Each structure stands twice: as C-alpha cells, then as structure tokens.
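User: I would like a close look at one part of this structure, namely a pair of packed helices and the sheet beside them. Please explain the arrangement step by step.

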Amino acid sequence: MSSFAGVLHRYTARNVAFEFAPTGRKKVLVMIGGMTDGLLTVPYARELPHALEPHGYSVVNVQLTSSFLGFGTASLDKDVEELKLLVDFLKGAQGGRRETIVLMGHSTGSQDVMHYLLRHGHSVAAAIIQASCSDRESFGQAIDPPLLATLNARAKQLVNAGRQNELLSSEYSTHLFNTPVTAYRWCSLMEPGGDDDYFSSDLPPAALAASFGRLKTPLLVAYSENDQFVPSWVDKHALLARWRAATPPAVWSEHSDLIKGATHAVPEPAAQRRLFEMLVRFLTDFPRADC
C-alpha cells in the first residue's frame, strides 16, 4: 500500500480527479481507467507522473460516476459529459488554466476516449488509447454462444420497449463481475454495433470509417502485446493495421504499436518502461501533426 502526494480536484459536486505531484503544469495528461477502475487502480498510472515530469506534464487520474462498480448503470455518453466538465474545469481559473490537455484511456477508458473525440475532439490536444480490446469479444468468449444469444435477445427486447434503464437479473451480472447492469449497458457492451463496440476485430469497414475515420485529433494506440482479454484468434498486428488504414494519416501517430511483453494493465516493469517511451515520443511529437 502507498500514499501519494498531489491535489484532489472536485470538478463537479459529485466527481473528483487526483493530480499527482508535481502539480499545476500547463500541460496535463488525463488518465481514464477501465471497467472496475477508479482512482489509483491502474498499475502504471502511479509511475506515469515520474516519466512525464521531465517533459512538463502533470498527470490527473479522473474518477467518473462509472468508476469501480458503477459501469453497469452508466454509459459512454455520461462518461463523456463528465470528462468534458473536467476538461473545462482544467482550462478554467480554478483548474489552473491548463494550455495542453491530452486524454489517455486504459481498457474501457479507451472507449471513453473514442466517444469523446467524436464529440469534443477540438477541446483536447491529443489522445492515447491503451489496452483497447473489445469488451464484446472478451466477455463473449467466456459465455456459451446459445446462452449469449438468449441473453442479448431479452435485453434488446427491453431496450426496444423503452425500458433500457431497467436492471437485469443476476443471470446477467454474473458475467460482468457480479455488477448490476441495465439492459442498455448490456446491449452496448455485448451487441455487435453497440455504443461500446469500437474495437472488435470483426467490425466492417463502414463502422471503422464512422469512428477512426472521423478523428481529427492526434491519436496514439498502445496495444498490449500479451493482453489476456483479447481472444487468441485475434491477430493484433492485423487489427492495428485496419485501424491505421481507417484513420486519417495526419491523425494516426507513427509511434502506435504493440507494447512488447505487456499484459492488459501493463503491470510488468519492463513493459511499463516501453509504454512510457512510446508516450514520451508521442507527446513530444504530436504538435507537428497537421490536423
């Protein structure tokens, strides 16, 4: 267990974000955790400030309504709404009038980043997605296909009937860390083309054109080479190539790659160093992108 020096910002009446020391830099990286994450839970987030300090960046770890076990009753729309409030806060007097804001999402936080860029991309300088695996493919490989089809059909019926915010039974939550989940969020995560379905390997070109193809903000993709939540049949190199082909060339960072030796949350010290090297190269290079 550890203690961390820094500043806790309350950017709405019910949301906070922790800025690791050193604080108050004009350049800031906002770290968004994945499903079940909250403050200080992503392993490498604690070392990230030391890696970025020489380059003039502070690191802010945000807590959203969807953090920890709140994801099942939340949505990407709600996350983006709260992230925009944080960005506005950081740019304002109370937040230190930051001049450069970069978003970084880990795991499902990567979906937040994509969702944000498609709505408010002009409000941040750049973005990073790390461990951007597909929740649909990850959870789907652990559920018997006929059962998954039945669960999806029932949840979709509720959504179509206008009961999207209705909580589903434990038959559903047992597949999502025993977390209460609404019909909407289940479909968003588990249905092809759901709101959360940005990173599945089987998405058609039209879907990628509607997401990666519409980006106007410099983007780094740092994909964990040994991500245990990615099905073994997914070709990670081919997947990154598809994303790159769909993204405007001026937006896609040439530093995007697999993080050698990294599992999902990059707890491995050597892999963390490789990740930090990628981040530093990107953060010192992206202002030259003509977007």
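Analyst:
**Two helices and the neighbouring sheet**

In this predicted model, helices H2 and H3 are roughly perpendicular to each other, because the angle between them is about 70°, and an angle of 65 to 115 degrees counts as roughly perpendicular. H2 covers residues 76–91 and H3 covers residues 108–120, and their axes are 9 Å apart. The crossing of these two helices is right-handed.

The residues that form this contact can be listed for each helix. H2 contributes Leu-76, Asp-77, Asp-79, Val-80, Leu-83, Lys-84 and Val-87. On the side of H3, the partners are Gln-111, Asp-112, His-115, Tyr-116, Arg-119 and His-120. Sorted by class, the contact of H2 with H3 comprises five nonpolar, three polar and five charged residues.

The next element to consider is the sheet. It is an open sheet of eight strands with mixed pairing, and the strands follow the order E1-E2-E4-E3-E5-E6-E7-E8. Strand E1 (6–10) and strand E8 (257–259) are the edge strands, each of which pairs on one side only. On average, and with direction ignored, neighbouring strands of this sheet are turned by 25° against each other.

H3 joins the two parts of this description, for this helix also packs on the sheet. There, H3 touches strand E3 (27–32), strand E5 (100–106), strand E6 (126–130) and E7. The direction of H3 makes about 140° with that of E5.

At one edge of the sheet, E8 pairs with strand E7 (residues 219–224) in the parallel sense, over three bridges. Within this pairing, Ala-222 has Asp-257 in E8 as its bridge partner.

Another helix also meets these strands. Helix H10, residues 269–283, lies across E3, strand E4 (57–62), E5, E6, E7 and E8. The angle at which H10 runs to E7 is about 170°.

A second helix pair may be set beside H2 and H3. Helix H5 (residues 145–160) and helix H7 (residues 183–190) pack at about 130°, with their axes 9 Å apart. H5 and H7 are therefore oblique to each other, and their crossing is left-handed. Among the residues in this contact are Leu-148 and Leu-151 of H5, together with Tyr-184 and Trp-186 of H7. By class, the contact of H5 with H7 has ten nonpolar, one polar and one charged residues.

Note on methods: Residues are numbered from 1 along each chain as its sequence is written. This is a predicted model: local features need pLDDT of at least 70, side-chain atom pairs count only at pLDDT 80 or more; totals for chains, interfaces and linings use all residues. Side-chain values use heavy atoms; hydrogens and water are left out. Axes are lines fitted to C-alpha atoms, for helices over the stretch in contact, and angles run from 0 to 180 degrees between N-to-C directions. Helices (H or I, at least four residues) and strands (E, at least two) are DSSP runs, numbered from the N terminus. Angles under 35 degrees count as roughly parallel, over 145 as roughly antiparallel, 65 to 115 as roughly perpendicular and the rest as oblique. A crossing is left-handed if the near helix is turned anticlockwise from the far one by less than a right angle, and right-handed if clockwise. Contact means heavy atoms within 4.5 Å. Ala, Val, Leu, Ile, Met, Phe, Trp, Tyr, Cys and Pro count as nonpolar, Asp, Glu, Lys and Arg as charged, and the others, Gly among them, as polar. Two strands pair if DSSP finds at least two bridges between them.
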